[in-house]
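Biologist: Please take a close look at a single part of this model and explain how the rest packs around it. A connected account is enough, with each term explained where it comes up.

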Amino acid sequence: MTNSLSRIENPRPHELPHYQALLDGTDWASLETPSGPGTGESLPTALAGILSPDPVVRSAATDDALRKVTHQNTIYEATVPVALYVAAILHHPAIAADDFGHDADMPPHRPTLVKLLEWLSATAFDADDECLAHGERHCGEDFLGDYEEMRAFRDQRPAIFSAIHSLLGHDNAEVRDAAFVAAIPLAEHPVLTAHRAELVGHARRLLATSTDRHTRDRVLDAMGAWGHDTSDLANADDIAARERYARLKAERDSWRPAHGTGGYSEDPPF
């Protein structure tokens with residue numbers, strides 16, 4: 001961890017800056033990425049390419065930009081400005097055109113908007129309250145104080161949520177679901193708790209239609225954490241998965257006394 005986050009022109013926590021201001025005002029070359037300190041110099045070109053009018057360029061740039069700051073569930077110095085940029089372009093016309101103007105002569109591809117929302121979701125879960133609690137258990141109460149990259153992301157959750165919120169009512173179901181799953185960890189921020197009642201309605205709709213195991217686990221966990229009874233929402237597969245996770249946890253807990261504090265690096269599901 002370093003203090004080089006001060007080299008980012010960080011906006012006020014609850015305001016989402018214009019994407020061009022982020023692109024031009026961030027000292028990208030000074031920021032740490034998975035490749036090491038001061039390796040973010042290629043990010044501006046990749047990020048700008050996400051808004052290319054060429055759908056092939058746009059798709060490749062999206063994959064390239066997000067890959068540059070994604071590795072082993074870690075929040076890097078470059079993660080926060082990239083996340084803010086991604087949030088700021090969610091409503092850009094080029095993104096909407098890519099999602100809903102597919103050329104019949106082109107092979108099918110995943111919509112850029114969904115890719116961006118899923119990356120924001122994964123990143124937000126990597127900095128959620130559960131990850132914080134896990135870090136504090138293993139590294140002590142000063143975990144967040146030492147992990148300033150995670151702290152910086154958590155501070156920006158209201159700004160990111162502001163861009164995602166309107167997509168909860170999007171015409172496309174894939175976008176709505178991706179936006180909702182991204183909203184779950186963001187809504188842990190104290191200023192966003194009032195939105196949880198609204199999100200419960202989206203949760204019930206998604207659980208009535210989705211068969212994706214990972215998504216259902218995310219949603220059921222959130223509902224439980226928010227104090228809602230999920231017994232009428234969990235299906236047989238959900239119950240079986242919970243029983244499996246409970247067995248894995250019991251095995252991990254019984255393993256530790258005999259083998260020290262090593263064991264699994266994280267709580268199941270892995």
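**Helix 11 and its surroundings**

Modeller: In the protein chain, 64% of the contacts (heavy atoms within 4.5 Å) with a separation of 6 or more are between residues 24 or more positions apart. This is a predicted model, in which local features need pLDDT of at least 70 and side-chain atom pairs count only at pLDDT 80 or more, while totals for chains, interfaces and linings use all residues. Residues are numbered from 1 along each chain as its sequence is written, and side-chain values use heavy atoms, with hydrogens and water left out.

The protein chain holds 14 helices and zero strands. Both kinds of element are DSSP runs numbered from the N terminus: helices are H or I with at least four residues, and strands are E with at least two. Of the 270 residues in the chain, 47% are buried. Buried means under 20% relative accessible area, exposed means over 50%, and partly exposed lies in between, with a 1.4 Å probe and protein chains only.

The part to look at is helix 11, residues 173-186. Begin with helix 6 (112-125). Helix 6 and helix 11 have axes 8 Å apart and an angle of about 20°. The axes are lines fitted to C-alpha atoms, for helices over the stretch in contact, and angles run from 0 to 180 degrees between N-to-C directions. The angle makes helix 6 roughly parallel to helix 11. Angles under 35 degrees count as roughly parallel, over 145 as roughly antiparallel, 65 to 115 as roughly perpendicular and the rest as oblique. The crossing of helix 6 with helix 11 is left-handed; that is, the near helix is turned anticlockwise from the far one by less than a right angle, whereas clockwise would be right-handed. On the helix 6 side, the residues that meet helix 11 include Leu113, Val114, Leu117 and Phe125. Among those they meet in helix 11 are Val175, Ala178, Val181 and Ile184. By class, this contact has 13 nonpolar, one polar and two charged residues. Here Ala, Val, Leu, Ile, Met, Phe, Trp, Tyr, Cys and Pro count as nonpolar, Asp, Glu, Lys and Arg as charged, and the others, Gly among them, as polar.

Next comes helix 10 (157-164). The axes of helix 10 and helix 11 come within 10 Å and cross at roughly 160°, so the two helices are roughly antiparallel. This crossing is left-handed. Arg157, Ile160, Phe161 and Ile164 of helix 10 meet Ala179, Ala182, Ala183, Pro185 and Leu186 of helix 11. The contact has eight nonpolar, no polar and one charged residues.

Helix 12 (residues 196-209) also packs with helix 11, at an angle of about 125° and with the axes 10 Å apart. That angle makes helix 11 oblique to helix 12. Their crossing is left-handed. Arg176, Asp177, Phe180, Val181 and Ala183 of helix 11 meet Leu199, His202, Ala203, Arg205 and Leu206 of helix 12. Six nonpolar, one polar and three charged residues make up this contact.

Past helix 12, Ser210 sits in the loop that leads to helix 13 (213-225). Ser210 counts as buried because its relative accessibility is 16%. A polar atom of the Ser210 side chain lies 3.2 Å from the backbone nitrogen of Asp212. Apart from neighbours within four places in sequence, Ser210 is in contact with Thr215 and Arg216.

Helix 6 and helix 10 lead on to helix 4, since both are among the elements that cover its buried residues. Helix 4 (residues 79-88) is mostly covered, with ten of its ten residues buried. They include Pro81, Leu84 and Tyr85. Helix 1 (19-25) and helix 3 (55-67) are also among the elements covering them.

The loop between helix 3 and helix 4 contains Gln72 and Asn73. Gln72 has a positive phi of about 50° although it is not a glycine, and Asn73, also a residue other than glycine, has a phi near 55°. Gln72 counts as exposed because its relative accessibility is 62%. Asn73 is exposed too, with a relative accessible area of 56%.

Notes
Polar contact = N/O pair within 3.5 Å; in protein donor to acceptor, adjacent residues only side chain to side chain.
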